[in-house]
Amino acid sequence: MNVQDRRRILGPIEAKPLAFPETKSTSNEETTVVLPEFQAPSIQTNLLKNCNGSCIIENENTSILSSIYGPRSTRSNLFESRCLINVTIKSAVFPTSELKELSSFLINVLESFVCLELYPKAGIDVFINLNIEQVSDLSWYIPYIMMSIVLGLVDAGIEISDLPGCGFNDNNAICFTKNGSEVIGIWRDKGDIKDESSFGDSLDICKDQYLQIKGLMASYLLSKLDDDKST
Amino acid sequence: MTDVEESTVEVHPVSFPPEILARISPDLSLQRHLSLGFRPSSRGFEEFRDITINTGDVTRRIQSDDNSVKIPPNNGKQGLGSCVLKQGDVFVITQITGGIIEDITLSKNDMELEDDTELLEITKEHSDITKYSSVYPVVEINRGRMGACTDEEMTISQRLYDSLLHSHILTQDVLRVEPGVRITNEDGSVSIIYPDTKENKEITNALKPKKKWSYVLYAKIEVFGRTGPVYDMCWNSLIAALQSVKLPRTFIDERATDLKMTVRARGRNAVVMETYNLLCDPNESTNLQLRENSISYASTYGIIDLDPEADITNLENNDDVDEPMDEGLETKTVLLADIDGEAEETSIKSTISITACPNGRFKQFSVVGGGAKITKELLMRSITLSKQRSRDITLKVQTV
């Protein structure tokens, strides 16, 4: 039986995706690729009109768009005293299973700083669109994704207890809050943590990056506030 | 019965601020705006939204001049071309990806049907359109909902597919794969020979299998921040993205060119040719050749009868409501270019959609009656505007 999705025009089933040969000569280069350092991205909020809040974070080859819908009513009939958060990540580059895992990770992180009690019986839906050329593993993008979600939430006027952020070092993406005194999430793509001291080092590096990101977000929000006042 | 006077209720006219009126009565709000000579978005009647187009931004850098940027292959999902279009507050991101399909449909030349003229005549009409090709579009309009695609997404996808096929922009020939052959030389080095020169052509012809392949193109069109009808934006974005498409060249490995397998099924022997693995060259690509004079851009128009009763100037002059209003007041019909916003989308039932080339050739023209008085002048005006708009967009795409 034809199990193809008939609602969409997906083309002939026999077609094969374009296959590129495995580049043996450049494989050495790839392994030694130095991951780009954290680059201060360009930020723009409030650019989509049909959602409550949105934010786009862009740098050279990354463009991460978050759109926040809510707080709005949920479909569930149960009485929920707290707000339900849902995160959906879309990307053509990463496999869906990885994206699902990341979205449940992000839900956990979000639940630790969004003031859920203020929005009973409501839901907040976060949609993330990754338009990227793949340069590295998913963890490298998490600081940018966190940034776009946090600024999107601010744009939507949803109350959060702090400006949390995330740093990246050595396959670890560590999310902080409260000026770096609290860790709210750790994501690791691959590899074991060999010794504790190296992890401690990368924790410190991530913390520095978090403080840098927090500074960026705060200065962006303050400058936006000034702009709004002047207009 | 003394409280008769007290019980009479004095009716005060209720007035709403403009933004609330726009929510509770979009059509009245629209009429009020139009009577003042502009639209709810404060655009003029025939004013289009500003449009910005960027192509090739998200594309995998197949021919990168900058050697420092090395991007590993994206597991065959990489984009061949792309376009980011912004019109007003709406973003449309189009990404073109590709695939390869074995060609089993015979072209006219391959058919051995010289005698059977009747059959040829029947198939003629069919084969005219099979000379042209289309892309497979999937439109996604982001509204913060999950699940199945909406009617609008399905309709736009189908319309894009049909329009592209019938506007003859893309021919089957340009999508035909001319595979090269990867040869391992005597010294062990590997080189790829493409049938570009005569000498190479002989080599590849000798090695090449008899099968034929074609590229298929897919378009993923994502709409962000939808504020009104989006068909024209999707079309323009698709056409702009197609112009940035670079098709990678493909090759077959020498060893795979004459693989044959004998299979035995129900007592019969049959020879099955191995399905060839066409590989794409990461370093070589060609631009997709579109039929330049068929490249066209879409625009939409709305037609609406002005309601004289909603005219603010009339309201101020004739406070006496009892006076018959419809005497001496002719309903005027106006043409609005580039419909956008909730009020215009819900209240305007008569629309014109035109896809035009900048040189004045038309690829699609559709009118939805919808009850408004569509005059010859309005139709002519919309045609003139669509040509101007098409020229304007062409310039924007070319300057990218």
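The buried residues of helix α4 in chain A pack against three other elements of chain A, namely α3 (138–156), β7 (165–169) and β8 (172–177). This is a predicted model, and the points below begin with that helix, go on to the sheet beside it, and then turn to chain B.

**Helix α4 of chain A**

- Helix α4 of chain A covers residues 196–230, which makes 35 residues, and its span from the first C-alpha to the last is 51 Å, close to the 51 Å expected at 1.5 Å a residue.
- The buried residues in α4(A) are A:C206, A:Q209, A:Y210, A:I213, A:K214 and A:M217.

**The three-stranded sheet of chain A**

- Two of the strands that α4(A) packs against, β7 and β8 of chain A, belong to an open sheet of three strands, whose order is β7-β8-β9 and whose pairing is antiparallel.
- At the edges of this sheet lie β7 and β9 (182–188) of chain A, each of which pairs on one side only, and the twist from one strand to the next averages 20 degrees.
- Between β8(A) and β9(A) the antiparallel pairing extends over six bridges, and A:N172 stands opposite A:R188 in β9(A).
- Helix α2 of chain A (residues 96–111) packs on the sheet and touches β8 and β9 of chain A, with its direction at about 175 degrees to that of β9(A).
- Helix α3(A) also packs on the sheet, where it touches β7, β8 and β9 of chain A, and its direction makes about 165 degrees with that of β7(A).

**Two domains in chain B**

- Chain B is divided into domain 1, made up of 13–47 + 298–399, and domain 2, made up of 51–66 + 75–191 + 209–251 + 279–291.
- Where these domains of chain B meet, the contact takes 15 residues from domain 1 and 14 residues from domain 2.
- On the side of domain 1 of chain B that touches domain 2, at least two residues each are supplied by β14 (297–305), α10 (342–347), β16 (350–356), β17 (362–368) and α11 (376–399).
- Sorted by class, that side of domain 1 of chain B has four nonpolar, six polar and five charged residues.

**Strand β7 of chain B and its partners**

- Strand β7 of chain B (residues 180–184) pairs with strand β10 of chain B (residues 246–253) in the parallel sense over three bridges, and B:R182 has B:D253 in β10(B) as its bridge partner.
- Strand β7(B) is also joined by four bridges to strand β8 of chain B (residues 190–193), and these two strands run antiparallel, with B:V190 in β8(B) as the bridge partner of B:T184.
- Together β7(B) and β8(B) form a hairpin that has five residues between the strands, and B:G188 in the turn has a positive phi of about 90 degrees.

How values were computed: Residues are numbered from 1 along each chain as its sequence is written. Chains are lettered from A and ligands numbered from 1 in the order in which they are written. This is a predicted model: local features need pLDDT of at least 70, side-chain atom pairs count only at pLDDT 80 or more; totals for chains, interfaces and linings use all residues. The expected span of a helix is 1.5 Å times one less than its number of residues. A residue is buried if 20 or more other C-beta atoms lie within 10 Å of its own, exposed if 12 or fewer, and partly exposed in between; C-beta atoms are placed from the backbone. Two residues are in contact if their C-beta atoms, placed from the backbone, lie within 7 Å. Domain bounds come from an automatic or database domain assignment. Ala, Val, Leu, Ile, Met, Phe, Trp, Tyr, Cys and Pro count as nonpolar, Asp, Glu, Lys and Arg as charged, and the others, Gly among them, as polar. Two strands pair if DSSP finds at least two bridges between them. Axes are lines fitted to C-alpha atoms, for helices over the stretch in contact, and angles run from 0 to 180 degrees between N-to-C directions.
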